[in-house]
Amino acid sequence: MSLTSTSCSPRPPRAPPGDPPKVSAQPETSAVVKLNVGGEIFTTTVSTLRKIPGSRLADMFCTSAKVSTKEDGEGRFFIDRPGTYFGPILDYLRSGQVPKQHIPEVYREAQFFEITPLVKLLEDTPQIFGEQVARKQFLLRVPSYGENLELMVRLARAEAVAARHSHVLVCAARTEEDAAHCADSLRVLEANKRLVVKFGPWKAAPAIRDLLDSVQMDIEAQGYQVAYDYCSKKTFQPKTGAQEYFYTFRFTWW
């Protein structure tokens with residue numbers, strides 16, 4: 001089964017009487033096709049796959065394809081994406097049904113296949129709206145947030161040799177005033193050559209605990225088991241008035 005020479009343009013006119021019919025590789029848009037998406041088998045029509053003109057999925061079945069379409073051993077079109085989340089996309093193309101489950105995962109796949117109307121609908125759901133508009137916009141206002149996450153993971157892994165837990169010291173200061181309260185404690189840490197990951201200040205409403213919850217959420221999303229709490233006296237004793245800004249993140253390895 002091949003659509004490599006198909007087109008999204010209208011079919012050519014019928015040959016005049018007497019001329020032999022020309023064989024074309026282009027199927028009818030109502031032609032039934034089988035798809036193997038990440039090992040899951042789907043049956044649909046070409047017209048359904050081309051429902052959103054200009055999308056990556058539609059282009060897979062056009063001559064002007066930006067992405068080539070391969071076949072599996074049974075001659076089915078093979079798409080190397082998670083099949084679990086392709087089904088809801090196919091349902092949307094068939095009937096306009098908006099997914100109710102696995103919203104973040106379906107959203108990611110809708111973005112990949114460039115199903116723009118579905119992407120916009122999913123962005124209005126509480127899950128995606130809250131993540132994209134609220135939390136991520138907040139984190140964009142936290143200087144060096146992504147770099148600090150990477151540093152925390154590197155420090156934790158460096159301490160993990162022959163240990164069950166790793167501990168990473170974090171200082172979080174929401175305002176310039178908070179940062180001033182932390183200054184003396186940070187100087188002590190620097191003098192003792194203790195490593196600390198510093199977040200802030202930031203110009204947004206969320207509090208320090210909101211930031212720390214986001215840090216925990218994003219590290220756990222990478223597959224790590226992590227928790228945080230106020231810095232204990234055993235780990236580090238901040239100066240008076242600075243205790244509320246210093247925390248320990250504990251990574252558990254086994």
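**Close-up views of a predicted model**

**View 1. How confident the prediction is.** This is a predicted model, and across the protein the pLDDT averages 87, with 86% of the residues scoring at least 70. Not every part does that well: over residues 9–27 the pLDDT is below 50. Beyond near neighbours in sequence, that stretch has 13 contacts in the model. A word of caution fits here: where pLDDT is low, the predicted coordinates should not be read in detail.

**View 2. An open sheet of four strands.** Walk across this sheet and you meet the strands in the order β2-β1-β4-β3, with mixed pairing. β2 (40–45) and β3 (70–71) sit at the edges, each with a single partner strand, so one side of each has no neighbour in the sheet.

**View 3. β1 beside β2, with a helix packed on.** Strand β1 (residues 32–37) pairs with β2 in the antiparallel sense, over six bridges. To pick out one spot, look for L35, whose bridge partner in β2 is F42. Helix α3 (residues 86–95) packs on the sheet and touches β1 and β2. The direction of α3 makes about 10° with that of β2.

**View 4. Two helices crossing.** Here helix α6 (residues 126–139) meets helix α9 (residues 208–220): their axes come within 11 Å and cross at roughly 100°. α6 and α9 are therefore roughly perpendicular to each other. On the α6 side, R135, F138 and L139 make the contact, while α9 brings L211, S214, M217 and D218. Sort the residues of this contact by type and you get four nonpolar, one polar and two charged.

Key:
Residues numbered from 1 in each chain as written. Predicted model: local features only at pLDDT ≥ 70, side-chain atom pairs only at ≥ 80, totals over all residues. Heavy atoms only, no water. Axes fitted to C-alpha atoms, helices over the stretch in contact; angles between N-to-C directions. Parallel < 35°, antiparallel > 145°, perpendicular 65-115°, else oblique. Contact = heavy atoms within 4.5 Å. Nonpolar A, V, L, I, M, F, W, Y, C, P; charged D, E, K, R; others polar. pLDDT = per-residue confidence, 0-100. Pairing = 2+ DSSP bridges.
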